[in-house]
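Student: I am new to this structure. Please take me through one part closely, then show me a few other places in the same brisk way.

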Amino acid sequence: MSESIPTPSIAPPDIIRCAYAELIVTDLAKSRDFYVGVLGLVVTHEDEDAIYLRAFEEYLHHSLILRKGPEAAMSVIAYRVRSVAELDVAEAYYRELGVRVERRPAGSTRGIGEAVRILDPLGFPVEFFYEADHVERFTRRYDVHGAGAISRLDHFNVVTPDIAAARSYYEGLGFKVSEDIKDEEDTTYAAWMYRKATVHDVALTGGDGPRLHHIAFATHERSQILHLCDHLGALRESDKIERGPGRHGVSNAFYLYLLDPDGHRIEIYTHDYYTGDPDNPTLTWDVHDNQRRDWWGTPVVPSWYANASKVLDLDGNVRDVVERLETRESDVTIGADGFSYTRKEEADGQKVGAGFKLGNQA
Ligand code: 4SX
Ligand code: FE2
């Protein structure tokens, strides 16, 4: 199915990194309590309609916009390109792809210069920009860092039905794959792709899409992630903790997934690894490996596979989702097919035995 998205004949825009996202939230005050009160993000600007937030090491105007709206959704994910000239490249690239393209004058989004906004071939609203207002970088403002201090935006994770097609689309855009999850029939369940020298700027999760799975912010230390758990406990809001804390297999990062007041999923993430060399190898995990998503073998909660945020089109309407037709990872791992393993040698033995027995008894 990967051939369903053509690759344009011209070079893609030079993308530096994932840069900001805008989430539609239904109650700005409640969201503020979570993002500012608990996560400690810095408010660059706020008014009746929106809150513009950044993390302590960021000097661009915002890495997250919370905009008030009738229904929770993701309205844009934005990538920063290397120069203003790359906007023309982006425009030409997507015009050739035949998707909807909008040129947005500087200031269309507060703090952001001229931009190109598209509905990408996977159905996501995506923006490219270079210029943005600079604001104070709070790196050394230890007087305002809380114990859970978040440093910067790290990645987006999007849900899309056809991972092979999505992966080749993003490869066309110049992203490389650091890690992926596959089965013995070569079905891909997920892929982690990067432009900056980390494990990812965007991860592709197989499922009904387009939907936003999560946005991740980085901390410097694991202790900061643990403090966020303690903080939520003290507020009697432990139900905002969906999954973790734990150590990912994929990426090796220490993680925590939180749910904001609208159910948007936010990951707090630290300690992945450098991927900047041109020959950085791709690590492929077996979908049956119990340690792939949590290195300690902690099972993934079903909601993490099932739930994700809706996305808007460029007119602000909620997009319909397309169902994933390939096998779902949640069926493989929660449906107890008996083929998962912690030690591969033992599993290989069991696999032959169990498969044979079931086959003969049916
Ligand atoms: O659950 S996984 O270990 O596959 C994983 C999920 C690894 C890195 C991530 O950022 C993530 O969201
Ligand atoms: Fe993530």
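Tutor: What follows starts with one helix and then visits three other places. This is a predicted model, where local features need pLDDT of at least 70, side-chain atom pairs count only at pLDDT 80 or more, and totals for chains, interfaces and linings use all residues. Residues are numbered from 1 along each chain as its sequence is written, chains are lettered from A and ligands numbered from 1 in the order in which they are written, and side-chain values use heavy atoms, without hydrogens and water.

Start with helix H2, residues 85-97. Helices (H or I, at least four residues) and strands (E, at least two) are DSSP runs, numbered from the N terminus. H2 has 13 residues and spans 19 Å from first C-alpha to last, close to the expected 18 Å. The expected span is 1.5 Å times one less than the number of residues.

In H2, Glu86, Leu87, Ala90, Glu91, Tyr93, Tyr94 and Leu97 are buried. They cover an arc of only 165° around the axis, so they sit on the same side of H2. The arc is taken from the directions from the helix axis to the C-beta atoms. Buried means under 20% relative accessible area; over 50% is exposed, and in between is partly exposed (1.4 Å probe, protein chains only). The cover over these H2 residues includes strands E5 (73-81), E6 (101-104), E7 (115-119) and E8 (125-129), and helix H3 (163-172). Just after H2, glycine 98 takes a positive phi of about 85°.

Next, the iron ion (ligand 2). Its protein donors are His155 (NE2), His214 (NE2) and Glu267 (OE), at 2.0 to 2.2 Å. Donors are N, O and S atoms within 2.8 Å of the metal (3.2 Å for Na, K and Ca); water is not among the atoms, so sites may look incomplete. Along the chain the donors follow the spacing H-x58-H-x52-E. Histidine 214 lies in strand E13 (211-218) and glutamate 267 in strand E16 (265-270), so the pair ties together parts 53 residues apart in sequence. Both histidine 214 and glutamate 267 are buried.

Now histidine 61. The loop between strands E3 (50-54) and E4 (64-68) holds histidine 61. Histidine 61 counts as buried because its relative accessibility is 6%. Beyond four places in sequence, histidine 61 has contacts (heavy atoms within 4.5 Å) that include Tyr52, Arg110 and Asp133.

Last, cysteine 229. Helix H4 (222-234) contains cysteine 229. At 13% relative accessibility, cysteine 229 counts as buried.
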